[in-house]
Amino acid sequence: MVRLDDLQVLVLAAEQGSLSAAARELDITPAVASAAVKRLEDALGLRLLVRSTRSLRPTPEGSHYLVHAKAALAALQQGQQELSRGRQQVAGELTLSMPSDLGRNLLLGWLDAFMARHPALKLRLRISDRISDLFRQPVDVALRYGVPEDSSLVALPLDTSNRRLLVASPAYIARHGAPQSPAELKDHNCLRFVLGDRVYEQWLFGSDKVKVSGNRVSDDADCVRRWAISGQGIAYKSALDVSADIAAGRLKPLLEGWPTEPTPLYLVCPHRLSITPAVVALKDFLSQQIKQYRP
């Protein structure tokens, strides 16, 4: 069996006329270089180099073999370069899971711009507030609020400063008033959504945890936001989800003096091998879009 590193020694030694020079370039000892040529000659049953104390030259058989050795090394180098270019290219298919509200109302437009930048990429979207099992479902990467409970997942931060905001429409506030403390939420219709496999009804305000209730629950967080806009109750939503509604006057923030629950946004991968050039490009692009979007 011919070893590739032995071929490298042979080619360099023949080009430079010296085993010592080849050894220096490859950062090996002259003895190791000499052994490499000896292995090749034994494997082929031919003398490849004529060596003396001052010079080295290929034998006729060696000159013939060098043509093929150089071609083999060049082909392997070309293959490595093509693989490297492939690893750096944003191409192929990317399956992305993302929350309903953030996905429909903010990310879809951003993803159009991202795809325009990378026309060789194909995108497959899964929009759901159910947390995807990244090890069982065909998902390459997921956008999720909060640090993943599974420590084996790789979480790439997109917006670590994001928090929940308590909001209601001007019409709801006009009819029912605004709570002055988290404890007063028990007197209001609170719009709840399913987070993971449970109803999110323990709302945190600093060290205060308030169990809320109301007449509406949905497994689609976008539905909860729309209920709040239409004046059906109070919602506790990610700032990324409701900032545009607040800026447009469709929703009003409540209890602004109270600390709210942090909801950092992450791009989550099942393992580090999943962090392809497409995932890296998506992370950088979304991070920049969020930074520009921030009110």
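Two strands are said to pair here if DSSP finds at least two bridges between them, and strands themselves (E, at least two residues), like helices (H or I, at least four), are DSSP runs numbered from the N terminus. In that sense β5 and β15 pair in the antiparallel sense over four bridges, and alanine 142 has valine 268 in β15 as its bridge partner.

The structure is a predicted model, in which local features need pLDDT of at least 70 and side-chain atom pairs count only at pLDDT 80 or more, whereas totals for chains, interfaces and linings use all residues. Residues are numbered from 1 along each chain as its sequence is written, and side-chain values use heavy atoms, with hydrogens and water left out.

**The five-stranded sheet**

The pair β5 and β15 belongs to an open sheet of five strands, arranged in the order β4-β3-β5-β15-β6 with mixed pairing. Because β4 (121–127) and β6 (154–159) stand at the edges and each has a single partner strand, one side of each is left without a neighbour in the sheet. On average, neighbouring strands of this sheet are turned by 25° against each other, direction ignored; axes here are lines fitted to C-alpha atoms, for helices over the stretch in contact, and angles run from 0 to 180 degrees between N-to-C directions.

The edge strand β6 pairs with β15 (residues 265–269) in the antiparallel sense over five bridges, and within this pairing valine 154 has cysteine 269 of β15 as its bridge partner. Helix α9 (residues 277–293) lies across β3 (92–98), β4, β5 (141–145), β6 and β15, and runs at about 25° to β6.

How many of the residues of β15 are buried? Five of the five are, so the strand is largely enclosed by the rest of the structure, where buried means under 20% relative accessible area, exposed over 50% and partly exposed in between (1.4 Å probe, protein chains only). Both faces of β15 are covered, with Leu265, Leu267 and Cys269 buried on one side and Tyr266 and Val268 buried on the other.

**Strand β13 and its partners**

Strand β13 (residues 234–238) is likewise mostly covered, five of its five residues being buried. The strand is joined by four bridges to β7 (residues 164–168), with the two running antiparallel, and by two bridges to β8 (residues 190–195), with the two running parallel. In the first of these pairings arginine 164 has serine 238 of β13 as its bridge partner, while in the second leucine 191 stands opposite alanine 235.

**Individual residues**

The table gathers four residues with their places and computed accessibilities.

| Residue | Location | Relative accessibility and class |
|---|---|---|
| Aspartate 6 | helix α1 | 3%, buried |
| Glycine 62 | helix α4 | 1%, buried |
| Aspartate 27 | loop between α2 (19–26) and α3 (30–44) | 71%, exposed |
| Leucine 255 | loop between β14 (252–254) and β15 | 9%, buried |

With contact taken as heavy atoms within 4.5 Å, and with residues up to four places away in sequence not counted, aspartate 6 touches Ala36, Arg39 and Leu40. Glycine 62, leaving aside its neighbours within four places in sequence, is in contact with Arg47 and Leu48. The C-alpha atoms of glycine 62 and alanine 14 are separated by 9.1 Å, although the two residues are 48 residues apart along the chain.

The two loop residues are listed for their backbone angles. Most residues other than glycine have a negative phi. Aspartate 27 has a positive phi near 60°, and leucine 255 has a positive phi near 50°.

**The second largest pocket**

A pocket is defined on a 1 Å grid over the protein atoms alone, as an open set of points where a 1.4 Å probe fits, with protein on both sides within 12 Å along at least five of seven lines, and its lining residues have an atom within 4 Å of a point. The second largest pocket has a volume of about 250 Å³, a volume being the space filled by probe spheres set on the points, which are joined across faces, edges and corners.

Twelve residues line this second largest pocket, and Gln8, Leu73, Ala74, Leu76 and Gln77 lie nearest its centre. The elements that give two or more residues to the lining are α1 (4–16) and α4 (60–88), and the largest share, six residues, comes from α4. By class, the lining has seven nonpolar, three polar and two charged residues, where Ala, Val, Leu, Ile, Met, Phe, Trp, Tyr, Cys and Pro count as nonpolar, Asp, Glu, Lys and Arg as charged, and the others, Gly among them, as polar.
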